[in-house]
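Me: I have a structure here that I have not seen before. Please take me through it by question and answer.

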Amino acid sequence: MVTDATKTEVGSYFIANYPPFSQWSPDALDDVRAALNAPPRDVPLGLYLHIPFCRKRCKFCYFRVYTDKNAHDVEQYVAALSREIELVSKLPVMGGRPFRFLYFGGGTPSFLSGKQLTSLFDRLRANIRWDQAEEVTFECEPGTLSEPKVHTLRELGVTRLSLGIENFSDSILEENGRAHLSSEVYRSWDWIRAAGFPNVNIDLIAGMVGESWDNWRDSIRRTVELAPDSVTIYQMELPFNTVYSKDILGNQFETPVADWPTKRAWVDYAFNELAATGYRVSSAYTMVRQSGRGPAHAAQSSQNTRHVTFSDEGSQTTSFSYRDNLWRGSDLLATGVASFGHVSGVHYQNQPDWPGYIGMLDRGELPLLRGLKPTPHQLLIREMILQLKTGRLDAGYFRQKFGVEILKAWRKEFLAHQADDYLTIAGDHIELTRQGLLRADALLPVFFEPEHQGVRYT
Ligand code: SF4
């Protein structure tokens, strides 16, 4: 049984990987180097590039970001990142494989000027090609965009533009320390649509400080009006080391974030509204627009809030290659400060601070910090919990890939979630109900090995 602590206390809820990052160590770097220097397994290859600059630090942010760097610093970073790509491109693990997907994340990749972007892409192209990539994602903060920059991104081959709107209320955006205002969203939207990106995603956060039902309804109405290809909604949490968390812990403040049942109700509302206009569930966080289906069909299916209509039931949908490949065990080469990678079944992370990252690249070394070589059983758990976040699991996939009957190995856990009405089981097919989707991350720790139950995640 999953116990839901009602209040949003300081601590991590979202689960991004397994085993937990706190278990990764410099002791495993020999395993990481061995994996990087050996021929690859036959799996898709992706590349993550971390751009760690932001105009302001959001009060809920726990990422490695810099808000005080000037053009000279940015150039130093872009040069270091380009050097890292050069080193990575020569690694045996590349094995001549084309990149299936690229992901520019942050931070704020769109913090770079058009000129800096063109220079970065030129330097990347000196060492790697991504002509065959099915997806190139680029994260943007609305206030950093200009019409020429949006066109530059499209010309540089970005196929999936992800816009961090988070909320449409200026007072909520300001309270939470966001750098942009809603007018900047509307100013950039026409440029984005005119540039013709195949996939435009909007990010929202349910439960920013100051959120209310009236404002949330308004934010969802505005999102529907913009009609993006996908909408990603995270439930606000308070990991350690955010401005809010430090305030709560240091000054004994009461949590300023809405409780979990309220945040789940907000996501539930958003999913229903989006479903009524033709979107389908693509994961516990994402709704994607379905082409070829009208609102009438969608409205009908959205009335049934227990059964969830998923994105590939019936017609063509917007895909998300980065997530779908990564959650099925693909390789992800990580570049940039503090970034996380996974090659040949081995986890690793780069140096987490500026001097360490730049210094190692200046010496011609890969800027590795720590790693972990999961056991085959841990790799199975990793894929199982990550794929469960899509709302569905196919037991046959795990039988074929790992030789394990997951419904037998975790019989008690699956049956407990079923008894709580968080999932259904039909043959090999496991599917989260709407209530399961709304608390997907809380359902995962029961599948962990005993020593990782209750381990701090970061
Ligand atoms: S824009 Fe994103 S990465 Fe930058 S401070 Fe805000 S939450 Fe953090």
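The turns below go from the whole chain to its domains, core, sheets and backbone details.

Me: What kind of model is this, and how many helices and strands are in the chain?
Reply: This is a predicted model. The secondary structure of the chain comes to 17 helices and 15 strands.

Me: Which radius of gyration does the chain have, against that of a compact globule?
Reply: The C-alpha trace spans about 55 × 50 × 50 Å along its principal axes. For 458 residues, a compact globule would have a radius of gyration near 23 Å. The value for the chain agrees with this, at 21 Å.

Me: What share of the residues of the chain counts as buried?
Reply: A residue is buried if 20 or more other C-beta atoms lie within 10 Å of its own. Of the 458 residues of the chain, the share that counts as buried is 42%.

Me: Among contacts between residues at least 6 apart in sequence, what percentage join residues at least 24 apart?
Reply: The count leaves out pairs less than 6 apart in sequence. Of the contacts in the chain that remain, those joining residues at least 24 apart make up 75%.

Me: What separates the centres of domain 1 and domain 2?
Reply: The chain is divided into domain 1, residues 21-325, and domain 2, residues 376-447. Taken over C-alpha atoms, the centres of domain 1 and domain 2 are separated by 25 Å.

Me: Which helix gives the largest share of the side of domain 1 that touches domain 2?
Reply: In this contact, 10 residues of domain 1 meet 11 residues of domain 2. On the domain 1 side, the largest share is three residues, and they come from helix α9 (residues 260-276).

Me: Which residues touch the most other members of the largest nonpolar core?
Reply: This core has 109 residues. Its largest share, seven residues, comes from helix α13 (residues 376-388). Domain 1 and domain 2 each supply at least three residues to the core. The residues that touch the most other members are L161 and M384.

Me: Which residues does M384 touch, not counting those up to four places away in sequence?
Reply: M384 is one of the two residues with the most contacts to other core members. With residues up to four places away in sequence set aside, M384 touches L393, F398, I406 and F447.

Me: Is V446 buried, exposed or partly exposed?
Reply: V446 lies in the segment after α17 (434-438). Its C-alpha atom is 9.9 Å from that of I385, although the two residues are 61 apart along the chain. V446 has 16 C-beta neighbours inside 10 Å, so it counts as partly exposed.

Me: Which strands stand at the edges of the open sheet of β13, β14 and β15?
Reply: The order in this sheet is β13-β15-β14, with antiparallel pairing. An edge strand has a single partner strand, so one side of it is left without a neighbour in the sheet. The strands in that position are β13 (392-394) and β14 (423-426).

Me: Which residue of β15 stands opposite D394?
Reply: Strands β13 and β15 (residues 429-432) run antiparallel and are joined by three bridges. Opposite D394, the residue in β15 is H429.

Me: Which residue of β2 is the bridge partner of Y48?
Reply: Seven of the eight residues of strand β2 (residues 99-106) are buried, so β2 is largely enclosed by the rest of the structure. Strand β1 (residues 45-51) pairs with β2 in the parallel sense over seven bridges. In β2, the bridge partner of Y48 is Y103.

Me: What is the omega of the peptide bond from G106 to G107?
Reply: Most peptide bonds are trans. The bond from G106 to G107 is cis instead, and G107 is found in the loop between β2 and α3 (114-125). Its omega is near 15°.

Me: What phi does A227 have?
Reply: Most residues other than glycine have a negative phi. A227 lies in the loop between α7 (213-226) and β6 (230-235), and it counts as partly exposed, with 14 C-beta neighbours inside 10 Å. A227 is not a glycine, yet its phi is positive, at about 55°.

Note on methods. Residues numbered from 1 in each chain as written. Predicted model: local features only at pLDDT ≥ 70, side-chain atom pairs only at ≥ 80, totals over all residues. Core = buried A, V, L, I, M, F, W, Y, C linked by C-beta atoms within 7 Å. Buried ≥ 20, exposed ≤ 12 C-beta atoms within 10 Å, placed from the backbone. Helix = DSSP H or I, 4+ residues; strand = E, 2+ residues; numbered from the N terminus. Domains from an automatic or database assignment. Contact = placed C-beta atoms within 7 Å. Pairing = 2+ DSSP bridges. Rg over C-alpha atoms; globule rule 2.2 N^0.38 Å.
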